[in-house]
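Visitor: Before we discuss any detail, please display the model. I would then like to go through the helix packing, the domains and the chain contact in turn.

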Amino acid sequence: MKIVAITSCATGIAHTYMAAEAIKKICKKKGFECKVEMQGALGIENMLKPNEIKEADLIIFANDVGITKEERFKEYKDKIIKVTPHSVIKDPSIIFNKKEENK
Amino acid sequence: MKDIKNQIQEALLTGVSYMLPFVISGGILIALGFLLGGYNIPNDVAQGANFASTIFWLGKVAFGLMVPVLGAYVSYSIADKPGIAPGMVGGFMAMDPWGLDMASGFLGGLIAGIVAGYIVNLLKKIPVPSSLRSLLPTLIIPVLGVTSVGLLMHYVIGGPIAAVTGALTNFLNNMGTGNLVILGIIQGCMLAFDMGGPFNKVAYAFALAAMDTGNFMPMAANFVGSMAPPLGIAIAILLDRNKEKFTDTDRNSLPGLFAGAAAMITEFAIPFAAAHPLQVIPSLMVGSAVGCALSYIFGLTMQAPHGGIFVLFALNNALLFLVALLVGGFVTGAILFFIKKPVSETEQSLEEIVD
């Protein structure tokens with residue numbers, strides 16, 4: 001399974017990066033491919049490419065503040081899972097539980 | 001309904017997020033101008049006539065953009081790119097540019113941004129023939145958006161919001177010590193609850209809004225409440241002399257915790273709170289609440305909006321500030337030390353595997 005994610009938070013210095021770490025860690029543990037774009041205080045880091053977004057099985061938005069360049073995801077609305085950075089840091093597995101709920 | 005609530009909450013956080021660099025640079029430059037040129041610099045020296053005055057007024061320019069930028073990015077969060085212009089103009093109107101006694105500050109900018117965002121979203125739905133589609137974003141939305149938000153701010157909502165802001169400001173400025181202590185407790189609990197998350201940012205926005213109206217007490221309390229959590233955890237680790245309650249990884253993060261406390265970055269406390277929320281978060285909340293309450297009791301004021309111990313010069317009394325901070329930190333440290341359960345064997349061994 002391929003997973004892409006975007007993380008962001010109000011100050012853009014801590015939750016953004018901790019949520020990114022949490023998502024990468026759990027994907028590694030489960031053996032999923034994953035790439036995380038961080039929209040922190042420095043702007044967009046590790047930006048997702050259009051083909052990566054297209055090929056992903058799951059798109060995770062872990063954001064407190066509005067996603068920058070959200071139009072990239074317009075065509076893939078049904079793959080998007082919305083969580084908050086805080087909840088991902090606390091329990092990263094919610095990104096998979098939410099998937100079950102959506103089905 | 002819940003969607004709208006979430007959207008507005010996200011808009012507020014987005015607005016604050018984009019606003020912070022303006023506020024922080026502006027606030028610190030203003031404080032620095034006072035430091036260099038004395039407290040009468042705005043009146044004694046003509047604008048830009050000497051270096052201190054230049055620094056001061058440069059800070060004023062940056063700080064003055066706070067409300068327009070807030071309006072712009074609140075609206076951006078709701079309506080995307082076309083929301084920026086109407087939101088920013090609405091935010092500027094909230095600063096009472098024509099001197100009509102209608103200044104509604106932070107609150108006005110926030111409401112202007114929300115209104116602008118929803119108006120632009122409505123304007124996007126205007127049916128236009130496809131041959132004229134490009135007129136919508138280039139002409140129709142900017143003109144109608146700016147006009148309607150501007151007119152609403154001037155004729156309809158600007159006055160009432162200014163009245164509410166004025167009433168809140170008066171209320172805050174005339175609060176007795178007892179009420180200020182309660183305010184401090186609420187502020188401290190919110191600041192410590194999610195350590196830099198949405199609750200923390202709402203409390204911070206309150207302190208900024210108060211600062212905008214010239215009341216610098218909430219900002220001093222904000223400093224204490226934001227700096228106490230990392231400090232308190234560090235103190236709890238130092239109290240744990242038998243090394244029973246914290247792991248080696250915890251101890252290794254001591255320098256980071258002190259740096260977080262010094263630089264006012266509450267986020268350094270998150271890893272601990274995430275690992276043991278039920279023990280850590282209440283301890284942090286009590287410590288920050290005590291610290292904030294003390295800050296009000298001491299009557300501390302802080303003229304810089306961020307910067308931790310590096311902007312102590314902007315306080316009216318640095319010594320009492322350190323007292324409030326240390327007391328808050330020790331309260332957190334002591335509570336956490338007593339209620340924290342010893343490290344379990346599994347935790348210790350789990351950690352070894354990860355290492």
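Visitor: Which residues of α6(B) do I8(B), A11(B), L12(B) and G15(B) in α1(B) meet?

Guide: This is a predicted model, in which local features need pLDDT of at least 70, side-chain atom pairs count only at pLDDT 80 or more, and totals for chains, interfaces and linings use all residues. Residues are numbered from 1 along each chain as its sequence is written, while chains are lettered from A and ligands numbered from 1 in the order in which they are written. Helices are DSSP runs of H or I of at least four residues, and strands are E runs of at least two, numbered from the N terminus; a contact requires C-beta atoms, placed from the backbone, to lie within 7 Å. On that criterion, the partners in α6(B) are L110(B), G113(B), I114(B) and G117(B).

Visitor: How are α1(B) and α6(B) oriented to each other?

Guide: The two axes come within 11 Å and cross at roughly 125°, the axes being lines fitted to C-alpha atoms over the stretch in contact and the angles running from 0 to 180 degrees between N-to-C directions. The crossing is right-handed (the near helix is turned clockwise from the far one by less than a right angle; anticlockwise would be left-handed). Angles under 35 degrees count as roughly parallel, over 145 as roughly antiparallel, 65 to 115 as roughly perpendicular and the rest as oblique. Because of its angle, α1(B) is therefore classed relative to α6(B) as oblique.

Visitor: How many residues of the contact of α1(B) with α6(B) are charged?

Guide: The classes are nonpolar (Ala, Val, Leu, Ile, Met, Phe, Trp, Tyr, Cys and Pro), charged (Asp, Glu, Lys and Arg) and polar (the others, Gly among them). The contact has five nonpolar and three polar residues, and the number of charged ones is zero, that is, no charged.

Visitor: How are α10(B) and α15(B) oriented to each other?

Guide: Helix α10 (residues 217-239) and helix α15 (residues 318-339) of chain B have axes that come within 7 Å and cross at roughly 45°. Their crossing is right-handed. α10(B) and α15(B) are therefore, with respect to each other, oblique.

Visitor: How many nonpolar residues does the contact of α10(B) with α15(B) have?

Guide: The residues that meet include V224(B), M227(B) and I235(B) from α10(B), and F321(B), G328(B) and L336(B) from α15(B). Five residues of this contact are polar and no charged residue occurs, which leaves the nonpolar class at 16.

Visitor: Which elements of chain B do the buried residues of α5(B) pack against?

Guide: Helix α5 (residues 84-93) of chain B is mostly covered, with ten of its ten residues buried. A residue is buried if 20 or more other C-beta atoms lie within 10 Å of its own, exposed if 12 or fewer, and partly exposed in between, with C-beta atoms placed from the backbone. Among the buried residues are P86(B), V89(B) and F92(B). In chain B, the elements they pack against are α4, α6 and α7.

Visitor: Is G48(B) buried or exposed?

Guide: G48(B) lies in the loop between α2 (41-44) and α3 (51-64) of chain B. It touches S53(B), T54(B) and W57(B), not counting residues up to four places away in sequence. Because G48(B) has 12 other C-beta atoms within 10 Å, it is exposed.

Visitor: What distance separates the C-alpha atoms of G166(B) and S104(B)?

Guide: G166(B) belongs to helix α7 of chain B, and it is partly exposed because 16 other C-beta atoms lie within 10 Å. Although G166(B) and S104(B) are 62 residues apart along the chain, their C-alpha separation is 7.7 Å.

Visitor: Which element gives the most to the side of domain 1 of chain B that touches domain 2 of chain B?

Guide: An automatic or database domain assignment divides chain B into domain 1 (2-172) and domain 2 (177-354). In the contact, 17 residues of domain 1 of chain B face 17 residues of domain 2 of chain B. The elements giving two or more residues to the domain 1 side are α1 (2-37), α6 (105-123) and α7 (135-173) of chain B. With eleven residues, the element that gives the most is α1(B).

Visitor: How many residues does α1(B) give to the side of chain B that touches chain A?

Guide: The contact takes 17 residues from chain B and 13 residues from chain A. On the chain B side, α1, α4 (66-79), α9 (198-212) and α13 (270-275) each supply at least two residues. α1(B) gives the most, and its number of residues is six.

Key:
Two residues are in contact if their C-beta atoms, placed from the backbone, lie within 7 Å.
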